[in-house]
Amino acid sequence: MNGSESGFNPAFNIATIKQVVNEAIERVRMPTPTRLRDLIRQIRAARTAAEERSVVNKECAYIRSTFREEDSVWRCRNIAKLLYIHMLGYPAHFGQLECLKLIASPRFTDKRVGYLGAMLLLDERQDVHLLITNCLKNDLNSNTQFVVGLALCTLGAIASPEMARDLASEVERLIKSPNAYIKKKAALCAFRIIRRVPDLMEMFLPATRSLLTEKNHGVLITGVTLITEMCENSPDTLNHFKKIVPNLVRILKNLILAGYSPEHDVSGVSDPFLQVKILRLLRILGKNDAEASEAMNDILAQVATNTETSKNVGNTILYETVLSIMDIKSESSLRVLAINILGRFLLNNDKNIRYVALNTLLRTVHVDTSAVQRHRTTILECLKDPDVSIRRRAMELSFALINGQNIRSMMKELLSFLDRSDAEFKAHCSSAMVLAAERYAPSNKWHLDTLFRVLLKAGNYLRDDTVSSTLQIVSSAAPERQAYAAMRLWSSLERSAVSGDATEKQPLVQVAAWTIGEYGDLLVSEASNAISMVDEDGVDDFVRPSEEYVIDIYQKLLWSTQLSINTKEYLLLSLAKLSTRFTTQPSQDKIRVIIDTFGSHIHIELQQRGVELSQLYRNYAHLRPALLERMPAMEAPASGPEARDDSDHDHDLSDASPDHKPDQVADALLDLIIGSDSLTNGDVDHKPSQPPASNNNSSSNDILDLLSGLDLTPTAPSNVMNNNVSAPAPAPAPAALLLDGLFATPAHINTPVTQVDLPTVTALEKNGLRIVFGVQRGGDTVTLTMRANSSASSTLTDFLFQAAVPRTFQLDMMSPSGTVLPPQGEITQVLKITNPSRSALRLRIRVSYNVDGVPVLEQAEVSSFPPELFN
Amino acid sequence: MMQFMLLFSRQGKLRLQKWYVAHPDKLKKKITRELITTVLARKPKMCSFLEWKDVKIVYKRYASLYFCCAMEQEDNELLTLELIHRYVELLDKYFGSVCELDIIFNFEKAYFILDELVLGGELQETSKKNVLKAIAAQDLLQEDETVDAALREVGLL
């Protein structure tokens, strides 16, 4: 308006023109500052979210209406406003088509904003983005380098596979352009195209190589980036580019040796960006290639020694150099140099550099442990870093550095780290400590002490399997060590019970309960005075508790409302065990009262346990001493954590029944044979008929025999019998009943049968006994129904069927239908086998029974299962 | 390769977002939200790197603005810090001691500068001078067009 008023003034002069032009510029300039600025101001002035929303909604409505009216004069400005609104998180998809219209406009201003909008608003999942391909194609052919630049930039940011295919040839042509501005952008476009569609790589190969002959750093760095991508893309291309190693070395050398060049200087380092890219490409080219590595050894050494390290830039380059040295087949002296650079990094004040150093050491620690060991103290210092990322790296690295020589000092540091570390570290750190202790423990006592400390410090963050593995170590320790364990754990248990933090340390309570239950007699006996309880600090603060005090503490814990049911089960069974360990009448009475109160506990599991244990004071009192016998030593589980996870639950169950031992004993076998789970189901019933094995050696041998497939002479079972003189012969039926109650878990009993039936497999046919398996398949799990038929003339009694599977399988045995097999009768038992690895099933079985008073033992291996079993 | 770059204020307001990987809008918003919260929760003593999902986050605070880049695993974190610094230097040169308000009110310029520095998630130009030259030439092109249009409007052309 202003323009037309002062339009043709006859007395027009330069000043007027200038004013007119300036006004016009102010008005038309993109994005019209007044309007976009106003909008931003309005939005920023909004005091509440609702107010802001109303401003935005009003503006969006207005913008939509101008789009509908095809207002091309203000389109550019409106899109700019819309982009601002979009950044605030409001929907702006309705601007997509308008962006395309802007791109198609001949004006550079329109194109610039249009392409910006396209990069921000277009989503390759929508069809709209395909419409842009044609505009891009036009602009890639423009005469204005900046228009070509905009198109390349957009293509590089949002190229979809279709667009990449359509425009690849245009990009390839532009890489060959003499204009460096276009060349570098085209090279990176090619990089993105190859990322999206690796098949398109071939066509760019010829044009790429010549990029390295340019002087322009933009072209060089984009060329190196493109070649890196190509080399990572295919081994053939990698070989093709091996010959450029000398070129790269030369470029790098020129960068280092060339004097100060203000254009590319960053705090005294010449173009660190380009240096890093070249170093990375060298790493890829030199990997597993002695010849290429040889060619770059010198330059890497030069960079490693000559780079200025006082600033981040220098360290950036050193960091990349170290990575390259470690990755290629470099000389050993160079490797030492690299590790030392990282050692220096660890001492750097800049936390970023310390972090990078730890990260890199972690990657290289397996290559060269001894070199990294030298920096152990520095690494341990990093455990105290205020930065959580650094602490995490330092922790991982510390575990990688533990060995037989430094285990004591490392564990000491890690224990204090565990103590003060955040919750997120505790689980991982404690598990790793348990593993390291297991692997490198210098002595059994140290091992136990360390485990107890971990239990104390990790609290409830400890993984479940640590409890069972600790129990195993205690159970297999020497007797005086067991007493020591009971005493140590008692101190911790008492302390947490009194201070009331037992809820946070339930794994500790579980281990303590189990150990005190087993070795409680040693804890309270005079003999314990002989055991030194002096701890690391030289203090012996152990006070031998009275029996009643122990029971008071138990009561306090059992009465606590916050301990988990699982922990209480440990405590309750431990308490029952103590009834045979403790001798005074008042303590006996106390124990009985506590157990009886559990008969009415609100939790079904504890109630059942309470009732069952009470029964051991009444109808089955004669069984109590034998059932609550001390457990024999468990063998170390050779298996992974998955096997241990459920065994933990079984420990407390098995506590009550030492006559179970044959199964529980040999952990190594456990996985193989009956699986720890077997305790909770089936074969329990047989146990009474087998002599209660208070001598664990024979029983574990027994099982070992089964597993190892040694010749088992029929005398073996009688050996077992001979060894057992202590236990009173229990009446089989009631004991079976009782134990049934103890161990039956309903979950296992009704399993729905929705499986595929396969033909039966005969496992054994001997002396009139025939055992066949009915096979049903369902996914990873196979259900075998064992049917034992007898055609012998006599009744087979004490019939016991056992089975073992290789370690990759899991075996779950249900209760058998009986233990007595009359002539023409049948016993069935269900076996569930899980086979995650889906390998062929092999099964070793053992059957024992008495016929006419003579024990018979049969073994067989069954591998004739149908091959489709697990397919 | 850089997967995305975010600029946000200490109050958690997004000031600039540049995505080099294709994600649906919803996911972008979710990532932005989560990342802003995570980074703002970090204490100043902590290092500038963050392992976050499958990317490495490299961030740095300049005055009231956080510059935050998501890099891939094999990228050099320290170099990314240099890249961020280079971008800040360019903004500073262009606006003349840049502040958050400059970027708010001229966000499109901030984008244009970034687009001359990084393309498709990779650095395209290591010379500050060249970047600023390209920006200036394009700004000039725009101004020529406006002058041209204004002259046309007043009938001088």
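The questions and answers below concern a predicted model and look at the contact between its chains, its salt bridges and its empty spaces.

Q: How do you know that chain A and chain B are in contact, and how many residues take part?
A: Contact requires heavy atoms within 4.5 Å, and by that rule 83 residues of chain A and 73 residues of chain B belong to the contact.

Q: What makes up the area buried between chain A and chain B?
A: The size of an interface is often given as the accessible area lost when the parts come together. Here that area is about 7000 Å², with carbon and sulfur atoms giving 58% of it. On the chain A side, A:M87, A:R112 and A:F273 supply 12% of the area that chain A buries against chain B, which is more than any other three residues supply.

Q: Why is the pair A:R280 and B:D75 called a salt bridge?
A: The rule asks for a side-chain nitrogen of Lys or Arg within 4 Å of a carboxyl oxygen of Asp or Glu. The side chains of A:R280 and B:D75 meet at 3.7 Å, N to O, so the pair satisfies the cut-off of 4 Å. The count of salt bridges between chain A and chain B is 10, while 24 residue pairs are found in polar contact across this interface, both residues being at pLDDT 80 or more.

Q: Which helix gives the most to the side of chain A that touches chain B, and how is that side divided by class?
A: Helix α11 of chain A, residues 180–196, gives the most, with eight residues. By class, this side of chain A has 41 nonpolar, 18 polar and 24 charged residues.

Q: What makes A:E59 and A:K81 a salt bridge, and which parts of the chain does the pair link?
A: The closest N and O atoms of A:E59 and A:K81 are 2.8 Å apart, and because the limit is 4 Å, the pair counts as a salt bridge. The pair links distant parts of the chain, with A:E59 in helix α4 (residues 49–68) and A:K81 in helix α5 of chain A, 22 residues apart. Over all chains, a search of the whole structure finds 57 salt bridges.

Q: Why is the space lined by A:K277, B:M71, B:D75, B:L79 and B:E122, among others, called a cavity?
A: The term is used because a 1.4 Å probe fits in such a space but cannot get out. This one is the largest cavity, with a volume of about 210 Å³, and the five residues just named lie nearest its centre among the 18 that line it. Two or more lining residues come from each of α16 (272–286) of chain A and α2 (77–95) and β7 (122–123) of chain B, and α16(A) gives the most, with four residues. The structure holds seven cavities of 30 Å³ or more.

Q: What lines the second largest cavity?
A: The second largest cavity holds about 150 Å³ of space. It is lined by 16 residues, of which A:L122, A:A157, A:I158, B:V21 and B:A22 are the closest to its centre. The elements giving two or more residues to this lining are α9 (145–158) and α11 of chain A.

Q: Why is the space of about 490 Å³ called a pocket?
A: It is called a pocket because it is an open set of points, whereas a cavity is one that the probe cannot leave. This second largest pocket is lined by 22 residues, with A:M87, A:L88, A:G89, B:L14 and B:K29 nearest its centre. α1(B) gives the most to the lining, with six residues, and the lining has 10 nonpolar, five polar and seven charged residues.

Terms used. Residues are numbered from 1 along each chain as its sequence is written. Chains are lettered from A and ligands numbered from 1 in the order in which they are written. This is a predicted model: local features need pLDDT of at least 70, side-chain atom pairs count only at pLDDT 80 or more; totals for chains, interfaces and linings use all residues. Side-chain values use heavy atoms; hydrogens and water are left out. On a 1 Å grid over the protein atoms alone, a cavity is a set of points where a 1.4 Å probe fits but cannot get out, and a pocket is an open set with protein on both sides within 12 Å along at least five of seven lines; lining residues have an atom within 4 Å of a point. Ala, Val, Leu, Ile, Met, Phe, Trp, Tyr, Cys and Pro count as nonpolar, Asp, Glu, Lys and Arg as charged, and the others, Gly among them, as polar. Buried area is the accessible area (1.4 Å probe) that two parts lose on being put together, summed over both. A polar contact is a pair of N or O atoms within 3.5 Å; within protein, one must be able to donate a hydrogen and the other to accept it, and residues adjacent in sequence count only if both atoms are side-chain atoms. Grid points are joined across faces, edges and corners, and a volume is the space filled by probe spheres set on the points.
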